[in-house]
Amino acid sequence: MEISDENFRVWAEKNEVYFDGVFRLAGPDAYAPIYSLISGLLHEGHKQVTFNLTGLEFLNSSGINLLAKLTIEARKMDDLLLVVKGTSQYPWQAKSLPNLKKLHPLIDLRLA
């Protein structure tokens, strides 16, 4: 499944979710379809789920809140390894993504 508009695209392939573009959605309600897509993937019984953020140029505060909620949801699943791939190419990722480890210490954070 894929969710997109002119500025962003999010899609899942097997157990990996890809985020691409600029996410400036207008609040939690606007992010609800993305949350549903990813939450469904988390509950499919995979041993590992990867959030690939390397193409994500910008994420507003509501989007960061979405990542936090999904990270907490993954933390509740004892047998799931959550991998988050980011890039130092976008300074916000190097600053914000390490905060996810505060919510889920076992997260596998990979900043390239």
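Gln93 sits in helix α3, which covers residues 91–96. In this predicted model, Gln93 is buried, because its relative accessible area is 0%. What does Gln93 touch, once its neighbours within four places in sequence are left aside? The contacts are with Leu53, Leu56, Gly86, Thr87, Pro98 and Leu111. Some of these partners belong to strands that come up again below: Leu53 and Leu56 fall within β4, which spans residues 48–59, Gly86 falls within β5, residues 81–86, and Leu111 falls within β6, residues 108–111.

Those strands are part of an open sheet, built from six strands in the order β1-β2-β3-β4-β5-β6, with mixed pairing. At the edges are β1 and β6, each of which pairs on one side only. Neighbouring strands of the sheet are turned against each other by 10° on average, ignoring direction. As a general point, strands of a sheet pair through backbone hydrogen bonds, and they do this either parallel or antiparallel. Both kinds turn up here: β2 and β3 are antiparallel, with six bridges, while β3 and β4 are parallel, with seven bridges. Moving on along the sheet, β4 and β5 also run parallel, and five bridges join them. Individual partners can be picked out too. Val22 has Phe58 in β4 as its bridge partner, and Val49 is matched with Leu82 in β5.

The antiparallel pair, β2 and β3, makes a hairpin with two residues between the strands. Lys14 is found in the loop that joins β2 to β3, and its phi is near 55°, a positive value in a residue that is not glycine. Is Lys14 buried or exposed? Lys14 counts as exposed, because its relative accessible area is 77%. The strand that follows the turn looks quite unlike that: β3 is mostly covered, with six of its eight residues buried.

Aromatic side chains are a good way to follow this part of the chain. The structure holds four aromatic pairs. One of them joins Phe8 and Phe23, whose ring centres are 4.5 Å apart; the planes meet at 35°, so the pair is tilted. This pair links distant parts of the chain, since Phe8 is in strand β2 and Phe23 is in strand β3, 15 residues apart. Phe8 is buried, with a relative accessible area of 7%, and Phe23 is buried as well, at 1%. Another pair is formed by Trp11 and Tyr18, and this one is stacked, at 5.1 Å centre to centre with 15° between the planes. Trp11 also stands opposite Tyr18 in β3. How do the two fall with respect to the 20% limit for buried residues? Trp11 is buried, because its relative accessible area is 14%, whereas Tyr18 counts as partly exposed, because its value is 21%. Beyond the pairs, Phe8, Phe19, Phe23 and Phe51 form one aromatic cluster.

Helices lie against this sheet. Helix α1, residues 28–42, has a kink of about 35° centred on Ile34. It lies across β1, β2, β3 and β4, running at about 165° to β3. Helix α2 packs on the sheet as well, touching β3, β4 and β5, and its direction makes about 170° with that of β4. Which residues of α1 are buried? They are Tyr31, Ile34, Leu37, Ile38, Ser39, Leu41 and Leu42. Ile34, where the kink is centred, is thus among the buried residues of the helix. An α-helix has 3.6 residues a turn, so residues three or four places apart point the same way. The buried residues of α1 pack against β1, β2, β3 and β4, and also against α2, residues 61–75.

A UniProt record adds a label to part of this picture. An unreviewed UniProt entry places the feature "domain: STAS" at residues 22–84. In the model, the end C-alpha atoms of that span lie 18 Å apart, and the span is 48% helix and 29% strand.

How values were computed. Residues numbered from 1 in each chain as written. Predicted model: local features only at pLDDT ≥ 70, side-chain atom pairs only at ≥ 80, totals over all residues. Heavy atoms only, no water. Bend = angle between axes of the 7 residues up to and from the residue. Helix = DSSP H or I, 4+ residues; strand = E, 2+ residues; numbered from the N terminus. Buried < 20%, exposed > 50% of the residue type's maximum accessible area, 1.4 Å probe, protein only. Contact = heavy atoms within 4.5 Å. UniProt positions renumbered as here; feature names shortened; annotations may be inferred. Pairing = 2+ DSSP bridges. Axes fitted to C-alpha atoms, helices over the stretch in contact; angles between N-to-C directions. Phe/Tyr/Trp six-rings, centres within 6.5 Å; stacked < 30°, edge-to-face > 60°.
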